[in-house]
Structures are given as C-alpha cells and as structure tokens.
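Good morning, colleagues. I should like to take a few minutes to present one structure, beginning with its overall build and then turning to particular helices and residues.

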Amino acid sequence: MRKILISGASRGIGKAIALKLLKEGHSLSLGVRKKEDLINTPLDPKVNNPDNFLVHTYDATDQNSSKKWVDSTVKIFKNIDTIIHCAGIFKRTNLIFNSSELKDIEDLWKVNVMGPWILTKDAWKYLTINNSARIIVLVSMSGKRSKGKLASYSMSKFALMSLCQTMRNEGWEQGIRVTAICPGSVNTDMAKEINHFPKKDMTQANDIAYICSNLLNLPNSSVPFEIALNCQLETAI
Ligand SMILES: NC(=O)c1ccc[n+]([C@@H]2O[C@H](COP(=O)([O-])OP(=O)(O)OC[C@H]3O[C@@H](n4cnc5c(N)ncnc54)[C@H](OP(=O)(O)O)[C@@H]3O)[C@@H](O)[C@H]2O)c1
C-alpha cells in the first residue's frame, strides 16, 4: 500500500481518485483549500483512521503551503511515495487579452504550473527513498495541442507537460515514474460550461480514478509516461 498526497481532492477528479484509493487501503493525505468541504463526506477525517488518512490545508498560490503539508504528512506516515496532482484551474484568456485578464494568466501559472512544481520539489527527498515512487499529474489534451482560443490555459498545460518530462528525467535513476494524464473533457465542475457535448458522453472522473489505481499497480519497467484520452475524435493530433 502506498503513502499518497492528492492535491485538489475537494471536488472533481481529485475527489474521485481519493475515494477509490481510500477504498483500496492506501494511506492518503489530502490537500484542500477548505477542510470544511469534506465534512459529512466519506473523506471526512472524523470517519477515517487518523493513522492513514489526513486532510491538510493546501493552497497552490501560497508557496509555503506545500512544505507544511509535506512535513505534517511525514510526521504521521513516516514517508511519501506517491503524489497525485489534481489541483488546477481553467480560464478562458485569449491571445489578445486586456489588462484586467492579466491576473487570470498569472493565476494559471501559479496554480497549474508552480503548484505542482513546488509540491514535487518539497516532497522530492521522500520520493527518492524507496526506488518505486510515482507522480501522477492531471495535465490535459491542452498540454498536447492548442485548441481554439485558449492561450493561457494551454500555455499552463504545455508548461506542466514539460515539467512532467523533467520530473521523469530527474527521478528515473531513483525509481520515480511519472505519468501525465491528458484528458479532453471530463464531467466535473471545470467542464460545466461545455454545452455542445452531453455530460454523460464525457470522460467521467471515476474512469480517471480507475486509471490511477491501475497505474499504482505497475512495476517501474511498465509505467506509461503519458495517457491521452479523448471522449471526442480529434483527427488533427
Ligand atoms: N474537467 C476537465 O474537463 C479536465 C480536462 C483535462 C484536464 N483537467 C485537469 O484535471 C485537474 C482536475 O480538474 P477537475 O476537472 O477535477 O476540476 P474541478 O472539479 O474544478 O476541481 C479543481 C480542484 O482544484 C482545486 N484548486 C483550485 N485552485 C486551487 C488552489 N489555488 N490551491 C489548491 N487547490 C486548488 C479545487 O479546490 P476548491 O474546491 O477549493 O476550489 C478543486 O479541488 C485540473 O488540473 C484540470 O486542469 C480537467
């Protein structure tokens, strides 16, 4: 069983992954902005064993947040061997943005790129211990191709993909394996404004949880670096 940090576990994909991995018996440390979001849910610390289930405040825009989360987790779990990066935001900023949209671009950079980077950095020394650590990153198809007019979101996800490649390169010899999951549309709050495509036909958060669970069972020699999944055909890729 693994000792896992999951960011963005309050909703959507992160929550679905946390629920599945909890059932499977892993030790989980969830990073959320508001702990109260988990009250009266199966992820409420009150209904779980405090020896292998923690909830910590984590805000990707606060550079000190991840170190506090990592340190508190190691105090209880003694180690961390897996990070699943799910915290992320979406903004629709065009190439020709106006000055009021500059903050959106800065926020995307902070949350989608610097958040995973700093959290990985702060946990790195623990990930290198057992020669079998895993880092799973929710990137996006927007980290592989730029579709429509999503300049800022795509920019953040391409940068995140590059970071995944560097994590893989730098962690390879110590047995760290990285997987960038690249979905198209997933039926969560983030995709709620997509109306031209039925929600039931989108990728579901539980399907991504299933993929993550399987990834954690693979040996170092067989972990895919990238999993791209589309719910709609994209012939140009
Ligand atoms: N849904 C899609 O169509 C889709 C497709 C491809 C890739 N992705 C990627 O998958 C990841 C998860 O997306 P989702 O669909 O689960 O989105 P979601 O339902 O909107 O959930 C986003 C999660 O990120 C957290 N978060 C936002 N800002 C944060 C911050 N500053 N610090 C820490 N946590 C923060 C949210 O916490 P709060 O509850 O506190 O806001 C929430 O837990 C994202 O990286 C997203 O880009 C999603």
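**Overall build and selected details**

Let me begin with one residue in a loop: asparagine 40 lies between strand S2 and strand S3, the latter comprising residues 53-57. Although asparagine 40 is not a glycine, its phi is positive, at about 65°. Most residues other than glycine have a negative phi. Is asparagine 40 buried or exposed? Asparagine 40 is exposed, because 9 other C-beta atoms lie within 10 Å, and the cut-off for exposure is 12 or fewer.

I should state at this point that we are looking at a predicted model.

A second residue of this kind is lysine 78, which is not a glycine and has a positive phi near 75°. Lysine 78 sits in the loop between H2 and S4. With 11 C-beta neighbours inside 10 Å, lysine 78 also counts as exposed. For glycine 25, just after H1, phi is likewise positive, at about 95°.

Let me now step back to the whole protein. The protein contains five helices and seven strands. Read from the N terminus, the order of elements is β-α-β-β-α-β-α-β-α-β-α-β. Is the overall radius of gyration what one would expect of a compact globule, or not? For 237 residues, a compact globule would have a radius of gyration near 18 Å, and the protein, with 17 Å, agrees with that. Along the principal axes, the C-alpha atoms fill a box of roughly 50 × 40 × 35 Å. Of the 237 residues, 41% count as buried. Among contacts with a separation of 6 or more, 70% are between residues 24 or more positions apart.

I turn next to the helices. Helix H1, residues 12-23, has 12 residues and reaches 17 Å from its first C-alpha to its last, close to the expected 16 Å. Its buried residues include Gly12, Ile13, Lys15 and Leu21. Which elements do the buried residues of H1 pack against? They pack against strands S1 (3-7), S2 (27-32), S4 (82-85) and S5, and against helix H5 (205-215).

Helix H4, residues 151-171, has 21 residues, which should span 30 Å at 1.5 Å a residue; its end C-alpha atoms are 30 Å apart, in agreement. Among the buried residues of H4 are Tyr153, Leu160, Leu163, Cys164 and Met167. The cover over the buried residues of H4 includes helix H3 (102-127), strand S5 (134-138) and strand S6 (177-183).

H3 also packs with helix H2, residues 65-77, at an angle of about 30° and with the axes 8 Å apart. Angles under 35 degrees count as roughly parallel, and H2 and H3 are therefore roughly parallel to each other. The crossing of H2 past H3 is right-handed. On the H2 side, Ser66, Lys67, Val70 and Val74 meet Ile118, Leu119, Asp122, Ala123 and Tyr126 of H3.

I close with one residue from that packing, aspartate 122, which is found in helix H3. Aspartate 122 counts as buried, because it has 21 C-beta neighbours inside 10 Å, where 20 or more are required. Beyond its neighbours within four places in sequence, aspartate 122 is in contact with Ser66, Lys67 and Val70. How far apart are aspartate 122 and lysine 20, C-alpha to C-alpha? They are 25 Å apart in space and 102 residues apart in sequence.

Conventions. Residues numbered from 1 in each chain as written. Predicted model: local features only at pLDDT ≥ 70, side-chain atom pairs only at ≥ 80, totals over all residues. Helix = DSSP H or I, 4+ residues; strand = E, 2+ residues; numbered from the N terminus. Expected span 1.5 Å × (residues − 1). Contact = placed C-beta atoms within 7 Å. Rg over C-alpha atoms; globule rule 2.2 N^0.38 Å. Axes fitted to C-alpha atoms, helices over the stretch in contact; angles between N-to-C directions. Parallel < 35°, antiparallel > 145°, perpendicular 65-115°, else oblique. Left-handed = near helix turned anticlockwise from the far one by under 90°.
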